[in-house]
Amino acid sequence: MRERDRRIAIVGAGPVGLVLALKLATMGLPSLVLEAEEDISEALRASTFHPPSLDMLDSLGVATPLIAQGLVTPTWQIRRHEDGARAVFDLSVLKDDTAHPYRLQAEQWKLSRIILAKLAAEHAGTVEVRFGAKLDTVVHGTDHVALSGTGFDTFEAPYAVGCDGARSVIRRAMGLEFPGDTYPETTILATTTFPFHEVFEGLSNVNYFWTQHAAFSGTFSLLRVPGKWRASLYPAPGETIEQALEPAAIERKLQAIHPKSTPYEVPDLRPYRIHQRIVETYRIGRLLLAGDSAHLNSPSGGMGMNGGIQDAMELAETLAPVWRGEAEDSLLDRYTRRRQPIAAQEIIAQADRNRARMRETDPAKRAELLANLQATAADPVKAREHLLRSSMISGLRAASRIM
């Protein structure tokens with residue numbers, strides 16, 4: 001292989017691919033990042049960073065500027081819309097478990113831009129990020145991977161990592177199925193500048209609501225980012241997604257959350273379906289997967305992007321000694337052993353439980369669930385155990401023990 005081709009190929013310049021490139025660069029491993037889009041996407045995507053992800057980003061020198069552009073969120077809550085009864089989880093109980101005992105609310109594109117700037121300033125000779133580079137063909141050889149497409153010359157890499165999302169070209173080249181389910185409901189993500197925190201007593205920056213209002217199918221959520229709120233809405237019973245997306249329907253749902261005399265401004269609107277899927281292995285030969293290319297889950301609990309960032313950090317730590325000749329190639333199989341079961345058991349399963357809890361419509365069962373959650377939140381020991389799981393710390397600790 002030519003010396004100029006001795007770079008790891010990373011397909012996808014979202015937060016997962018860029019974290020991987022940056023982590024590899026800090027260990028001296030060169031990479032070429034291929035991104036089909038012309039620029040970092042600022043579409044409505046993930047906006048919650050969990051404590052261990054912030055710890056990891058801090059080790060890369062990008063947590064501080066990200067925190068400066070986000071909202072430090074020390075509590076999150078599950079709340080009953082009609083009377084404001086709520087269970088509030090205070091992440092300060094994790095102060096001995098993490099350097100960042102809070103969630104950070106910041107749009108994922110902010111992290112991507114911070115990393116791009118850092119790569120350009122500190123690792124320009126090690127990492128190249130190429131936009132408008134659409135991968136079409138992957139040829140998996142015994143000692144290299146050949147990648148070709150539009151926007152870049154055919155490139156031979158010792159390894160190629162798919163960080164290219166649910167429709168991953170790398171995953172297809174691996175011949176892997178993507179088994180799982182698609183939930184029946186469609187989520188509608190709408191943003192508004194209306195200050196919900198000024199009209200709801202005790203509102204956190206992250207809130208999951210039960211509601212009996214006819215405009216909804218039982219639940220909605222409100223997540224705050226700088227300058228705006230993100231509302232996750234659902235079609236009402238008997239309402240089609242097309243009907244639910246009409247401006248009058250969006251206005252009706254937002255007015256149901258909080259009635260006011262003037263219409264809501266809704267600058268952004270995005271419908272999406274929710275999947276729970278996972279591949280059986282994250283590695284075949286010289287092809288590897290991270291993030292949404294390997295696993296998809298309900299956004300309830302904000303674990304998708306965080307799981308991908310954690311994939312990237314684990315993969316870089318595993319790939320580095322193999323690259324340097326300090327370990328056998330088979331060490332890369334440990335990456336699957338550590339990350340796949342955690343994604344299945346701690347991320348997908350937990351997100352599914354979160355979704356199921358919020359989809360509960362029976363008032364008596366809701367009351368029982370809320371009482372149990374309030375009891376957990378009020379008990380420091382139980383609260384810490386709950387938050388270690390929901391903040392993804394328990395899963396990472398369990399993974400680190402897998403050899």
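This note comments on a pocket, a strand residue and a helix in a predicted model.

1. The second largest pocket holds about 230 Å³ of space. Its lining consists of Trp76, Arg103, Tyr208, Ser300, Gly301, Gln350, Arg353, Asn354, Arg357, His386, Arg389 and Ser390. By class, six of these residues are polar, four are charged and two are nonpolar.

2. Two helices, H9 (333-358) and H11 (380-390), each give at least two residues to the lining of this second largest pocket. H9 provides the largest share, namely four residues.

3. Val129 belongs to strand S8, which covers residues 127-131. With a relative accessible area of 23%, Val129 is partly exposed, because buried means under 20% and exposed means over 50%.

4. Apart from neighbours within four places in sequence, Val129 is in contact with Ala13, Leu18, Val33, Leu116 and Leu119. Gln255, which is 126 residues from Val129 in sequence, lies 44 Å from Val129 in space, C-alpha to C-alpha.

5. Helix H8 runs over residues 304-323 and has 20 residues. At 1.5 Å a residue, H8 should span 28 Å; the end C-alpha atoms of H8 are 28 Å apart, so the expected and modelled values agree.

6. Of the 20 residues of H8, 19 are buried, and the helix is therefore largely enclosed by the rest of the structure. Gly325 follows H8 and has a positive phi, near 80 degrees.

How values were computed:
Residues are numbered from 1 along each chain as its sequence is written. This is a predicted model: local features need pLDDT of at least 70, side-chain atom pairs count only at pLDDT 80 or more; totals for chains, interfaces and linings use all residues. Side-chain values use heavy atoms; hydrogens and water are left out. On a 1 Å grid over the protein atoms alone, a cavity is a set of points where a 1.4 Å probe fits but cannot get out, and a pocket is an open set with protein on both sides within 12 Å along at least five of seven lines; lining residues have an atom within 4 Å of a point. Grid points are joined across faces, edges and corners, and a volume is the space filled by probe spheres set on the points. Ala, Val, Leu, Ile, Met, Phe, Trp, Tyr, Cys and Pro count as nonpolar, Asp, Glu, Lys and Arg as charged, and the others, Gly among them, as polar. Buried means under 20% relative accessible area, exposed over 50%, partly exposed in between (1.4 Å probe, protein chains only). Contact means heavy atoms within 4.5 Å. The expected span of a helix is 1.5 Å times one less than its number of residues.
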